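Student: I'd like a close look at a single part of this structure, the place where the ligand sits. Could you walk me there slowly, starting from the beginning of the chain?

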Amino acid sequence: MSDAEDSAARRIADCFASLWHLVRPIDGSGTDEFRRMARIQIINALERGGEFVGSQTGVQLFAGTFYSEAVIWSGQMSEVHLVRHRDLGNLQVLKTVPKARARDQMIVERLIVEAKIGVALRHAHLVETTMLLRLEDGRPALILESCGKSLADQLAHGVVESGEIVTALMHLLEGLSALHRAGYVHGDVAAENLLSALDLAEQWKLGDFGLTLPVGGSCAVKDVAYQGRPHYASPEQKAGLQLTPLSDLYSVGMLAGHIARSCVPACTRDQLIASRALQAFEAILVQEDQGKRPADAHTCLAILKDCFRSCAN
Ligand SMILES: Nc1ncnc2c1ncn2[C@@H]1O[C@H](COP(=O)(O)OP(=O)(O)OP(=O)(O)O)[C@@H](O)[C@H]1O
Ligand SMILES: [Mg+2]
């Protein structure tokens with residue numbers, strides 16, 4: 001230990017002895033209530049010390065509990081961090097509004113509504129929302145289970161086998177089926193919102209309930225102009241009309257067609273089958289007239305399997 005460290009250690013020991021003297025019941029200095037308050041003050045001072053250390057080292061501490069390990073997304077409406085729980089040590093994901101938009105009540109409210117929907121949903125193919133926090137600066141922040149890369153990221157890096165694409169679409173439909181049964185329309189079905197599970201291989205989860213609405217709601221009801229992906233959106237969604245589960249199925253069809261044309265090279269027999277099957281599936285789901293779309297997400301699962309079966313023959 002250097003001389004400086006030795007003297008710092010002695011100062012810490014002296015300070016601790018003084019504090020101990022103040023809060024120890026037998027010394028008779030003050031009432032029990034005084035000692036209780038003094039103990040809380042000491043704990044608070046140590047807590048603030050933690051934040052001070054955090055700000056000095058550039059480590060961000062959220063709500064005194066979650067350390068930011070990395071920013072994984074920084075968008076118009078949200079900022080997403082990979083965080084580690086300070087005491088439990090496990091990794092989670094924190095989604096909040098960007099600092100610059102902290103006073104935008106519409107965005108703040110949307111994140112709170114997203115939390116209300118998320119915490120009420122539990123399904124193997126839906127990203128789990130653990131809780132909603134308020135950060136020191138008043139921003140709401142969702143704590144989510146930590147997932148791996150999105151399907152969009154994986155497709156962009158060209159690492160997804162055609163079999164895995166089918167698995168991803170099947171899990172998307174299973175997640176949607178649960179969401180629809182709970183009375184919601186997702187409103188933003190896209191490869192960016194389909195995340196791979198971290199702990200289980202070949203498992204996919206639908207996340208981002210930022211545009212999710214009760215069945216029969218419309219973007220206008222949510223007081224936001226349509227902000228999803230116009231390329232995948234159903235005609236009723238683009239027109240700001242009421243949404244039903246069939247609106248999500250239209251988007252699933254658009255997503256399948258987009259993947260078939262842009263992400264599945266027709267080199268091997270399996271890829272050729274996948275590309276054809278996905279386009280056949282798209283043709284069945286992408287119908288202007290809602291009455292001509294399959295009845296529900298579960299029916300789509302059977303249709304997807306049929307498309308593969310008939311293209312393989
Ligand atoms: N639970 C999670 N685990 C891992 N990554 C996540 C998680 N949630 C979000 N992400 C990453 O952050 C990205 C953005 O998150 P999300 O889709 O929820 O926000 P958004 O509402 O689309 O943001 P914006 O509107 O600003 O584009 C996702 O595409 C994904 O890459
Ligand atoms: Mg998203």
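Tutor: Happy to; let's set out from C15, which lies in helix α1 (residues 3–23). Helices here are DSSP runs of H or I with at least four residues and strands are runs of E with at least two, numbered from the N terminus. This is a predicted model, in which local features need pLDDT of at least 70 and side-chain atom pairs count only at pLDDT 80 or more, while totals for chains, interfaces and linings use all residues. Residues are numbered from 1 along each chain as its sequence is written, and chains are lettered from A and ligands numbered from 1 in the order in which they are written.

C15 has 10 other C-beta atoms within 10 Å, so it is exposed. With C-beta atoms placed from the backbone, a residue is exposed if 12 or fewer others lie within 10 Å of its own, buried if 20 or more do, and partly exposed in between. The C-alpha atoms of C15 and H258 are separated by 66 Å, with their positions 243 residues apart along the chain. On the scale of the protein chain, the C-alpha trace spans about 85 × 45 × 30 Å along its principal axes.

Now to the ligand's surroundings. An automatic or database assignment of domain bounds divides the protein chain into domain 1 (58–145) and domain 2 (148–312). Their C-alpha centres lie 25 Å apart. Across the boundary, 11 residues of domain 1 are in contact with 17 residues of domain 2, contact being C-beta atoms, placed from the backbone, within 7 Å. The side of domain 1 that touches domain 2 has 6 nonpolar, 3 polar and 2 charged residues. In this grouping Ala, Val, Leu, Ile, Met, Phe, Trp, Tyr, Cys and Pro are nonpolar, Asp, Glu, Lys and Arg are charged, and the others, Gly among them, are polar.

Where does ligand 1 lie? Both domains give residues to the shell around ligand 1, so it lies between them. There are 21 residues around ligand 1, of which W73, G75, M77, C147 and D208 come nearest; a residue is near if its C-beta atom, placed from the backbone, lies within 6 Å. Two elements, β2 (66–74) and β4 (91–96), give two or more residues to this shell. By type, the shell has 9 nonpolar, 8 polar and 4 charged residues.

Among those nearest residues, D208 deserves a second look. D208 is in the loop between β9 (204–206) and β10 (213–214), and it counts as buried because 23 C-beta neighbours lie inside 10 Å. Its phi is positive, about 60 degrees, although D208 is not a glycine. Most residues other than glycine have a negative phi. A63 also has a positive phi, near 50 degrees, and is found in the loop between β1 (61–62) and β2. A63 is partly exposed, with 14 other C-beta atoms within 10 Å.

To finish on the domain 2 side, helix α8 (residues 269–285) has buried residues including I273, L278 and F281. What covers the buried residues of α8 includes α5 (162–181), α7 (245–263) and α9 (297–312).

Technical notes. Contact = placed C-beta atoms within 7 Å.
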